[in-house]
Amino acid sequence: MPASAKITKTPAQAPAKTAQPKSSDAKLTALFLDMLAAEQGAGRNTLDAYRRDLTDFSDYLAQAGTDFTGADTESLRGYLADLDTRGFKSSSVARRLSAMRHLYRFLLNERVRSDDPAAILSGPKRGRGLPKVLSIADVDRMLTRAKELTVSDVSPAQRLRALRLYCLLEVLYATGLRVSELVSLPVSAARRDARMIVVRGKGNKERLVPLNNASRQAMADYLAALEVMKPKAKKAAPSKWLFPSSGESGHLTRQHFARDLKELAAASGLAPRLVSPHVLRHAFASHLLHNGADLRIVQTLLGHTDISTTQIYTHVVEERLKSLVRDLHPLAEK
């Protein structure tokens with residue numbers, strides 16, 4: 001090789017670059033969730049659901065080389081198609097679309113974006129199924145079995161657990177509370193003279209819910225047993241929760257109650273898969289309407305902001321109206 005020849009090194013070819021996000025999706029998500037909590041009073045479960053949905057959306061956009069601020073309507077349509085490819089149900093796709101719509105409305109209001117790419121998107125068509133409902137006889141069987149467990153020959157700890165489950169069941173069926181509202185009831189809800197309790201529901205809104213005698217007695221029996229079981233040596237501050245727990249929240253979790261309820265269903269001869277706290281909430285509403293309650297009253301008791309949410313129970317009203325016409329109309333066939 002001649003001395004004058006220069007050896008030049010060819011630089012290695014750089015890997016193809018993908019578009020980098022122009023801003024932090026995580027930061028925008030955090031700001032969005034802060035707004036939901038502060039302005040709309042969104043609860044922890046709602047915020048967690050939005051966080052999961054938007055994180056999945058952000059992951060998809062990152063693979064496509066964009067982010068929340070750079071995505072266009074076609075990017076959003078691509079994400080919805082991807083959800084369908086992954087086998088998501090139409091209800092789940094509709095929920096993700098709702099999360100995107102809320103996010104981009106927020107980004108538009110905050111002037112992070114000058115447009116709303118989600119505004120013209122249409123969600124999947126879905127029929128609204130009728131809620132699963134237990135019959136009055138089914139609920140009676142569960143209440144009877146739960147009551148039997150409170151007087152069986154068991155240890156004090158087992159009896160306390162039985163009394164707690166019976167109390168939860170009586171209060172749930174008497175009030176139709178959401179499970180998150182039920183397990184987080186304050187101990188003040190069990191006052192001896194309390195015929196109404198104040199419930200803090202979705203959006204941090206308060207409503208008054210009446211208690212019947214059975215639920216009030218169940219709370220009194222449960223609290224009496226709870227007082228007996230308190231450690232004598234420890235002088236810990238009393239819990240503010242009606243159903244205290246050593247967990248992070250300080251009260252019984254939704255999941256724990258749901259498991260206990262399924263065990264009770266099995267012990268009552270019912271299929272556990274058909275029983276949940278939400279099914280009992282449906283039973284509360286359906287049984288009220290079946291016995292002549294006004295739909296608006298049931299809406300108030302359930303804490304529904306929109307009457308359309310309560311109208312899933314109108315099939316119960318329709319059946320009752322048919323029955324009334326059949327039995328009471330003068331021209332009805334005898």
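**View 1. Phenylalanine 32 is a buried residue of this predicted model.** Its relative accessible area is 0%. A residue counts as buried under 20%, so phenylalanine 32 qualifies. Phenylalanine 106 is buried as well, with a relative accessible area of 8%.

**View 2. The rings of phenylalanine 32 and phenylalanine 106 form an aromatic pair.** A search of the whole structure finds seven aromatic pairs. In this one, the ring centres lie 5.6 Å apart. The ring planes meet at 55 degrees, so the pair is tilted. Phenylalanine 32 belongs to helix H1 and phenylalanine 106 to helix H4. The two residues are 74 residues apart, so the pair links distant parts of the chain.

**View 3. Helix H1 packs against helix H4.** Two packed helices are described by the angle between their axes and the distance between the axes. H1 covers residues 25–39, and H4 covers residues 90–109. Their angle is about 95 degrees, and their axes are 11 Å apart. That angle makes H1 roughly perpendicular to H4. From H1, the contact uses Leu28, Leu31, Phe32 and Met35. From H4, it uses His102, Leu103, Phe106 and Leu107. Seven of these contact residues are nonpolar, one is polar and none is charged.

**View 4. Phenylalanine 57 and tyrosine 104 make an edge-to-face pair.** Their ring centres are 6.4 Å apart. Their planes stand at 75 degrees, and edge-to-face applies over 60, which means this pair fits the label. Phenylalanine 57 sits in helix H2 (residues 44–63), while tyrosine 104 sits in helix H4. The pair links distant parts of the chain, 47 residues apart. Phenylalanine 57 is buried, with a relative accessible area of 0%. Tyrosine 104 is buried too, also with 0%. Both residues belong to one aromatic cluster, formed by Phe57, Tyr60, Phe68, Tyr79 and Tyr104.

**View 5. The largest nonpolar core holds 41 residues.** Met142, Leu169, Leu182, Leu185, Tyr222, Phe257 and Leu261 touch the most other members. Several elements give two or more residues to this core, including helix H5 (136–150), helix H8 (213–229) and strand S1 (196–200). Helix H6 gives the most, with nine residues.

**View 6. Leucine 185 has contacts beyond its neighbours in sequence.** Leaving aside residues within four places, leucine 185 is in contact with Val171, Leu177, Ile197, Trp241 and Leu242. Apart from the largest core lies another core, of 27 residues. Among them are Leu36, Leu54, Phe68 and Leu103.

Methods:
Residues are numbered from 1 along each chain as its sequence is written. This is a predicted model: local features need pLDDT of at least 70, side-chain atom pairs count only at pLDDT 80 or more; totals for chains, interfaces and linings use all residues. Side-chain values use heavy atoms; hydrogens and water are left out. Axes are lines fitted to C-alpha atoms, for helices over the stretch in contact, and angles run from 0 to 180 degrees between N-to-C directions. Helices (H or I, at least four residues) and strands (E, at least two) are DSSP runs, numbered from the N terminus. Angles under 35 degrees count as roughly parallel, over 145 as roughly antiparallel, 65 to 115 as roughly perpendicular and the rest as oblique. Contact means heavy atoms within 4.5 Å. Ala, Val, Leu, Ile, Met, Phe, Trp, Tyr, Cys and Pro count as nonpolar, Asp, Glu, Lys and Arg as charged, and the others, Gly among them, as polar. A nonpolar core is a set of buried Ala, Val, Leu, Ile, Met, Phe, Trp, Tyr and Cys residues joined through side-chain atoms within 4.5 Å. Buried means under 20% relative accessible area, exposed over 50%, partly exposed in between (1.4 Å probe, protein chains only). Rings of Phe, Tyr and Trp (its six-membered ring) pair if their centres lie within 6.5 Å; planes under 30 degrees apart count as stacked, over 60 as edge-to-face and the rest as tilted.
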